[in-house]
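Biologist: Can you take me through this one? I'd like the chains, then the details.

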Amino acid sequence: MATFNVHVTIENKPGISDPEGETILNDLVLKGTHSAISKIKTAKMLKFTIKEKDKKSAQTRVKEICDELRIYNPMVSKVTIDVFDS
Amino acid sequence: MKIGVIVFPGSNCDRDMYHVLTDVFKLDAEYFWHEKGLPKNIDAVILPGGFSYGDRLRSGAIAAHSPIIKDVKKMAEKGIPILGVCNGFQILVEAGLLPGALLKNTSLNFMCKWTSLIVENNTTPFTNKLKLHQKIPIPIANGEGRYYVDDETLKKLKKKNQIVFRYSEVVNGSSDRIAGVCNEDGNVVGMMPHPERAAESAINPIDNKPSSLIFESLLNTIGVKN
């Protein structure tokens with residue numbers, strides 16, 4: 001067994017407005033000289049530390065936990081799960 | 001005849017709800033701590049407003065896993081009237097008893113103000129004394145009150161008459177101005193505004209009658225006259 005850090009990023013699905021991200025883009029970033037930026041989305045990240053046999057198992061287990069406990073609401077959110085060595 | 005008012009860590013409208021049920025409408029009500037079960041002789045269940053678990057993770061997301069929710073689900077299946085107000089609505093949604101999601105208001109502000117509702121379904125246990133399209137002056141107090149459903153679910157809600165209340169104007173960016181919904185059977189109702197803060201003339205500067213009809217509907221349903 002090894003220890004892994006698993007990052008769960010929860011963000012709104014495409015098409016669902018993200019007023020905080022839009023404000024950061026329009027009223028902060030684009031008011032500077034950063035015209036190359038076209039989109040900013042806010043998200044919530046949960047960092048899990050987990051003991052598992054390998055990275056794939058760590059990712060599968062954390063996804064199961066997120067689904068079972070409704071860590072995200074599937075009506076509005078999508079999750080991205082990234083695994084790193086501890 | 002007894003109404004259960006469920007108390008979670010962080011509930012803060014439980015006393016207002018209990019007061020309205022007992023002092024104003026002379027009903028027998030009892031608080032139930034979320035870690036306990038509900039007795040079988042309960043005739044209706046109310047999940048009051050507040051900030052259960054400090055809105056950690058997402059409003060209602062943690063309370064939705066409280067032990068008492070298992071009993072609430074069983075009672076929902078039996079057809080017992082269940083009302084969630086504000087955070088109670090968020091908990092019912094997160095528990096999967098009602099469809100949709102409640103997002104941060106478009107303004108990103110906590111909104112605490114008077115608004116008005118339009119009755120869209122007057123067949124539920126909490127709206128059967130109201131007239132269809134009746135207007136209800138009522139306060140809202142929430143930060144995550146923007147009701148969202150995808151287009152497919154919205155069509156289903158319309159088809160099955162599950163939209164119970166709409167705001168009379170655009171308030172917080174909710175899908176189709178929805179302020180309250182019910183389950184397919186109609187016995188589980190959730191609403192963001194606070195009827196318990198509007199059912200008495202002493203605290204309602206506009207008209208307390210429409211909100212009091214929400215409680216009178218419940219009386220009508222469970223067979224007790226006021």
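Modeller: What follows goes through the two chains, their contact, and a few spots in chain B. Keep in mind that this is a predicted model.

Biologist: Start with chain B. How many helices and strands?

Modeller: Chain B has 5 helices and 11 strands. Its C-alpha atoms fill a box of roughly 40 × 35 × 35 Å along the principal axes.

Biologist: What radius of gyration does chain B have, and what would a compact globule have?

Modeller: Chain B has 16 Å, and a compact globule with 226 residues would have a value near 17 Å, so the two agree. Buried residues make up 52% of chain B. Of its contacts with a separation of 6 or more, 75% join residues 24 or more positions apart.

Biologist: And chain A, which elements in what order?

Modeller: The order is β-α-β-α-β from the N terminus on, which gives 2 helices and 3 strands.

Biologist: What is the radius of gyration there?

Modeller: Chain A has 16 Å, but a compact globule of 86 residues would have a radius of gyration near 12 Å. The C-alpha trace of chain A spans about 50 × 30 × 15 Å along its principal axes. Buried residues make up 9% of the 86 residues. Even so, residues 24 or more positions apart account for 70% of the chain A contacts with a separation of 6 or more.

Biologist: How many residues does each chain put into the contact?

Modeller: Chain B gives 12 residues and chain A gives 9 residues. On the chain B side, 6 are nonpolar, 3 polar and 3 charged.

Biologist: Now the cores. Which residues touch the most other members in the largest one?

Modeller: Those are Ile46(B), Leu92(B), Val188(B) and Met191(B), in a nonpolar core of 71 residues. Apart from that core lies another of 7 residues, including Phe4(A), Val6(A), Val8(A) and Ile71(A).

Biologist: What does Leu92(B) touch?

Modeller: Not counting residues up to four places away in sequence, Leu92(B) touches Leu47(B), Gly84(B), Leu97(B), Leu98(B), Val188(B) and Gly190(B). One of these, Val188(B), is also among the residues with the most contacts to other core members.

Biologist: Different spot. Where does Thr124(B) sit?

Modeller: Thr124(B) is in the loop between β6 (111-119) and β7 (135-142) of chain B.

Biologist: Buried or exposed, and why?

Modeller: Thr124(B) is buried, because it has 27 C-beta neighbours inside 10 Å and the cut-off is 20 or more. Leaving aside neighbours within four places in sequence, Thr124(B) is in contact with Val164(B), Cys182(B), Gly186(B) and Val189(B). The C-alpha atoms of Thr124(B) and Gln162(B) are separated by 9.5 Å, although the two are 38 residues apart along the chain.

Biologist: Last topic, α5 in chain B. How far does this helix reach?

Modeller: Helix α5 of chain B, residues 209-222, reaches 20 Å from its first C-alpha to its last, close to the 20 Å expected for its 14 residues. There is a kink of about 25 degrees in α5(B), centred on Phe215(B).

Biologist: Which residues of α5(B) are buried, and what covers them?

Modeller: The buried ones are Pro210(B), Ser211(B), Ser212(B), Leu213(B), Ile214(B), Phe215(B), Ser217(B), Leu218(B) and Leu219(B). The cover includes α1 (14-24), β3 (44-47) and β7 of chain B. Phe215(B), then, is buried and also marks the centre of the kink.

Biologist: What comes just after α5(B)?

Modeller: Gly223(B), with a positive phi of about 80 degrees.

Notes. Residues are numbered from 1 along each chain as its sequence is written. Chains are lettered from A and ligands numbered from 1 in the order in which they are written. This is a predicted model: local features need pLDDT of at least 70, side-chain atom pairs count only at pLDDT 80 or more; totals for chains, interfaces and linings use all residues. Two residues are in contact if their C-beta atoms, placed from the backbone, lie within 7 Å. Ala, Val, Leu, Ile, Met, Phe, Trp, Tyr, Cys and Pro count as nonpolar, Asp, Glu, Lys and Arg as charged, and the others, Gly among them, as polar. A nonpolar core is a set of buried Ala, Val, Leu, Ile, Met, Phe, Trp, Tyr and Cys residues joined through C-beta atoms within 7 Å. A residue is buried if 20 or more other C-beta atoms lie within 10 Å of its own, exposed if 12 or fewer, and partly exposed in between; C-beta atoms are placed from the backbone. Helices (H or I, at least four residues) and strands (E, at least two) are DSSP runs, numbered from the N terminus. The radius of gyration is taken over C-alpha atoms; the globule rule is 2.2 Å times the number of residues to the power 0.38. The expected span of a helix is 1.5 Å times one less than its number of residues. The bend at a residue is the angle between axes fitted to the seven residues ending there and the seven starting there.
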